[in-house]
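Reader: I should like to go through the terms used for this structure, with the reasoning behind each. Please set every value against its criterion.

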Amino acid sequence: MVESGKTFLCLLRSKRQPLRLMTFFTSEYEVKLDAKGRLVLPARIKAQLPDADSQELIIRKGLEQHLIIYPMVEFNKVFSKISGLNEFNPENRSLQRSFMAGIVTVEMDNNGRILIPKNMLNYAQLDKDLVLVGVGNRVEVWNPKLYEKHLIQDPSELSKLAEKHLIE
């Protein structure tokens, strides 16, 4: 693993494939949407995208009222889990249907902008000001007021959760 500031890259080699980068997004960014609903990804996020040749990204409606941006390689991991569910189970079909309906593929333009569809802007209550949060393999897109409500404000609560989930 190579560490460079806040960018972490895992370098993988195989005899048949060239060097491949896996991304780990971190940090919080305050950004703005333009009048057409386009988002300019911060340079640090663009630099961490695993496949510089591909401009395709996936935007998904989050389970809280926000959006999630995935590089295609990371979304494919999630997609394989969802598509692998037994379609003959009614609960699985409902999950697949609802999950897949909340997804759109977007392409980054030459200026590093992505157009967020209106229905997704409405779902996440996104207006001009946004907060982007790097969360490992994905980037969350939040309305700043909703984001504050979903953060753990009490350090002791954060400590208890860390102890519960991170102790080996």
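Author: Let us begin with Gln125. At 41% relative accessibility, Gln125 counts as partly exposed, and the model in which this value is computed is a predicted one.

Reader: Why is Gln125 called partly exposed?

Author: The relative accessibility of Gln125 is 41%. Buried requires under 20% and exposed requires over 50%, so Gln125 is assigned to the class in between, partly exposed. Gln125 is found in the loop between H4 and S10.

Reader: What makes the phi of Gln125 worth a remark?

Author: Phi of Gln125 is positive, about 55°, although the residue is not a glycine. Most residues other than glycine have a negative phi. Ser27 also has a positive phi, near 85°, and is likewise not a glycine.

Reader: Where is Ser27 placed, and why is Ser27 called partly exposed?

Author: Ser27 is in the loop between strand S3 (20-24) and S4. Its relative accessibility is 22%; since buried means under 20%, Ser27 counts as partly exposed. Ser27 is also among the contacts of Leu132, once neighbours within four places in sequence are left aside.

Reader: What else is in contact with Leu132 on that basis?

Author: The contacts of Leu132 also include Tyr29, Val31, Leu39, Leu41, Ile45, Val139 and Val141. In the largest nonpolar core, which has 24 residues, Leu39, Ile69 and Leu132 touch the most other members. Among the elements that each supply at least two residues of this core are strand S4 (28-32), helix H4 (118-123) and strand S10 (129-135). A second, separate core has eight residues, including Ile58, Ile68, Val78 and Ile103.

Reader: How do you know that the pair of Phe75 and Phe79 is tilted?

Author: Three aromatic pairs are found in a search of the whole structure. For Phe75 and Phe79, the ring centres are 6.3 Å apart and the planes stand at 35°. The centres must lie within 6.5 Å for a pair; planes under 30 degrees apart would be stacked and those over 60 edge-to-face, so this pair is tilted. Both residues lie in helix H2 (residues 72-83), four residues apart, about one turn of the helix. Ring pairs link Tyr70, Phe75 and Phe79 into a cluster.

Reader: Why is Phe75 called buried, and which class does Phe79 belong to?

Author: Phe75 has 6% relative accessibility, and the cut-off for buried is under 20%, so Phe75 counts as buried. Phe79 has a relative accessible area of 34%, which is neither under 20% nor over 50%; Phe79 is therefore partly exposed. In the protein chain of 168 residues, 34% count as buried.

Reader: What makes the lining of the second largest pocket mixed in its residue classes?

Author: The lining divides into four nonpolar, three polar and two charged residues. Among the lining residues are Arg60, Lys61, Gly62, Leu63 and Tyr123. Arg and Lys count as charged, Leu and Tyr as nonpolar, and Gly as polar. About 170 Å³ of space lies in this pocket.

Reader: Which element gives the most to that lining?

Author: Helix H3 gives the most, with three residues. Strand S6 (56-61) and helix H3 (90-101) each supply at least two residues of the lining.

Conventions
Residues are numbered from 1 along each chain as its sequence is written. This is a predicted model: local features need pLDDT of at least 70, side-chain atom pairs count only at pLDDT 80 or more; totals for chains, interfaces and linings use all residues. Side-chain values use heavy atoms; hydrogens and water are left out. On a 1 Å grid over the protein atoms alone, a cavity is a set of points where a 1.4 Å probe fits but cannot get out, and a pocket is an open set with protein on both sides within 12 Å along at least five of seven lines; lining residues have an atom within 4 Å of a point. Grid points are joined across faces, edges and corners, and a volume is the space filled by probe spheres set on the points. A nonpolar core is a set of buried Ala, Val, Leu, Ile, Met, Phe, Trp, Tyr and Cys residues joined through side-chain atoms within 4.5 Å. Buried means under 20% relative accessible area, exposed over 50%, partly exposed in between (1.4 Å probe, protein chains only). Contact means heavy atoms within 4.5 Å. Rings of Phe, Tyr and Trp (its six-membered ring) pair if their centres lie within 6.5 Å; planes under 30 degrees apart count as stacked, over 60 as edge-to-face and the rest as tilted.
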